[in-house]
Amino acid sequence: MATLSGHLDFDLPTAGKPCATWYEIHGDLSTARPLIVLHGGPGIPHYYLGPIARLATTHKIPVVLYDQLGCGNSTHLPEKNGDVSFWTIQLFLDELENLIRGLGITEYDLLGHSWGAILASEHAVRQPPGLRRLILFSPPSSMKLWVEAANRLRLHLPQAVQDSLSRCEEKGDYESEEYHVSVDEFYKRFLCRTQPTPAELAESFEALGNDTTVYMTMNGPSEFNVTGVIKDWSIIDRVHLIDCPTLLINGYYDEAQNSVVQPYFDNLKDVTWVKFAESSHMACLEERDSSYALSASF
């Protein structure tokens, strides 16, 4: 299918310089309602979600991928590192709305993964007139529940790995090789169980490593220690405002455990929940064919 990529200006005076959002369109926006895809992180670019673009060929669904401000092919702002007044959920909602408007999209479906599901759900509770369907991959409903689940899963790691994590955290040594190696052990079990790491995910993590501005400011140093802008975030008391059909997806080994996803299921009016038995946090890669087919047929 034909693809079109480009940069869309994003007027953001507080950035102190011109900003633009990179996007890539697969298929023809004029032929069917598009699926707009929101990547995770915050600050982990779209590459790992790239395979979903196949839906433009297999199901004739136009797919819009984009990199959120501060990562990937969009404008980077390392000078804003640590600026909690700049990096806000509202900033990324404004960017999404600018993208929808700038591409002339009037009706659309939205797919968000992890942090992207936070952003998608925040967009949906505002009941935008063009949103028709919502797909939430491994969605946090609150960061409190997210951290609790991560720390429960951490207890399943080998004791030596648990001790290493605790030792580094007590010293605030989040950038050491020891800490990264130990976190990788968690990731291999609860983020992506497909090994070696799929090339698309490796590319996204390499990009994150090159610019951690957004992730560190909004999330913090690790999955177990969320200290950034979103540390107190919750949508539980607003989930009922989502008024479009919603598909929830998580994996059996997912850091988005059932306890994290359950508030969506309990409070949504029109909801389907599917759990992938062989996946952790990346069903989109671990069981890609099944998860994408489900997304297309929803």
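## Helices H4 and H9

In this predicted model, Leu-145, Trp-146, Ala-149 and Arg-152 of helix H4 meet Ser-259, Val-260 and Pro-263 of helix H9. Helix H4 covers residues 143-154, and helix H9 covers residues 258-267. Their axes come within 8 Å and cross at roughly 150°. An angle over 145 degrees counts as roughly antiparallel, so that is how H4 and H9 are described relative to each other.

## Helices H2 and H3

A second helix pair is worth a visit. Helix H2 (residues 89-102) and helix H3 (residues 115-125) have axes that come within 10 Å and cross at roughly 75°. Angles from 65 to 115 degrees count as roughly perpendicular, and H2 and H3 are therefore placed in that class. On the H2 side, the residues that take part are Ile-89, Phe-92, Leu-93, Leu-96, Glu-97 and Ile-100. They meet Trp-115, Ile-118, Leu-119, Glu-122 and His-123 of H3.

Helix H2 also holds Asn-98. This residue has a relative accessible area of 14%; Asn-98 is buried because the cut-off for that label is under 20%. Leaving aside neighbours within four places in sequence, Asn-98 is in contact with Leu-8, Asp-9 and Phe-10. With Asp-9 there is also a polar link: a polar atom of the Asn-98 side chain lies 3.0 Å from the backbone oxygen of Asp-9.

## Two residues in strands

Let us turn to the strands. His-26 lies in strand S2, which runs over residues 19-26. With 14% relative accessibility, His-26 counts as buried. The side chain of His-26 joins that of Glu-24 through a polar contact of 2.7 Å. His-26 also has a partner from elsewhere in the sequence: Pro-62 is 36 residues away along the chain, yet the two C-alpha atoms are 5.6 Å apart in space.

Thr-246 has its place in strand S7 (residues 246-251). Its relative accessible area is 0%, so Thr-246 is buried. The Thr-246 side chain reaches the backbone oxygen of Cys-244 at 3.0 Å. Once neighbours within four places in sequence are left aside, Thr-246 is in contact with Leu-134, Leu-136, Leu-268, Asp-270, Val-271, Thr-272 and Phe-298.

## Aromatic rings and their partners

How many aromatic pairs does the structure hold? There are 10 of them. One is formed by Phe-265 and Trp-273, with 5.5 Å from centre to centre and 55° between the planes, which makes this pair tilted. Phe-265 counts as partly exposed, at 36% relative accessibility, and Trp-273 is partly exposed as well, with a relative accessible area of 22%. Elsewhere, ring pairs link Phe-186, Tyr-187, Phe-190, Phe-205 and Phe-224 into a cluster.

Phe-224, a member of that cluster, also has a charged companion: Arg-154 lies over the face of the Phe-224 ring, at 4.8 Å from its centre. Arg-133 is placed over the face of Phe-298, at 5.2 Å from the ring centre. Phe-298 has appeared here before, among the contacts of Thr-246.

How values were computed
Residues are numbered from 1 along each chain as its sequence is written. This is a predicted model: local features need pLDDT of at least 70, side-chain atom pairs count only at pLDDT 80 or more; totals for chains, interfaces and linings use all residues. Side-chain values use heavy atoms; hydrogens and water are left out. Rings of Phe, Tyr and Trp (its six-membered ring) pair if their centres lie within 6.5 Å; planes under 30 degrees apart count as stacked, over 60 as edge-to-face and the rest as tilted. Buried means under 20% relative accessible area, exposed over 50%, partly exposed in between (1.4 Å probe, protein chains only). A charge sits over a ring if NZ of Lys or CZ of Arg is within 6 Å of the ring centre and within 35 degrees of the ring normal. Helices (H or I, at least four residues) and strands (E, at least two) are DSSP runs, numbered from the N terminus. A polar contact is a pair of N or O atoms within 3.5 Å; within protein, one must be able to donate a hydrogen and the other to accept it, and residues adjacent in sequence count only if both atoms are side-chain atoms. Axes are lines fitted to C-alpha atoms, for helices over the stretch in contact, and angles run from 0 to 180 degrees between N-to-C directions. Angles under 35 degrees count as roughly parallel, over 145 as roughly antiparallel, 65 to 115 as roughly perpendicular and the rest as oblique. Contact means heavy atoms within 4.5 Å.
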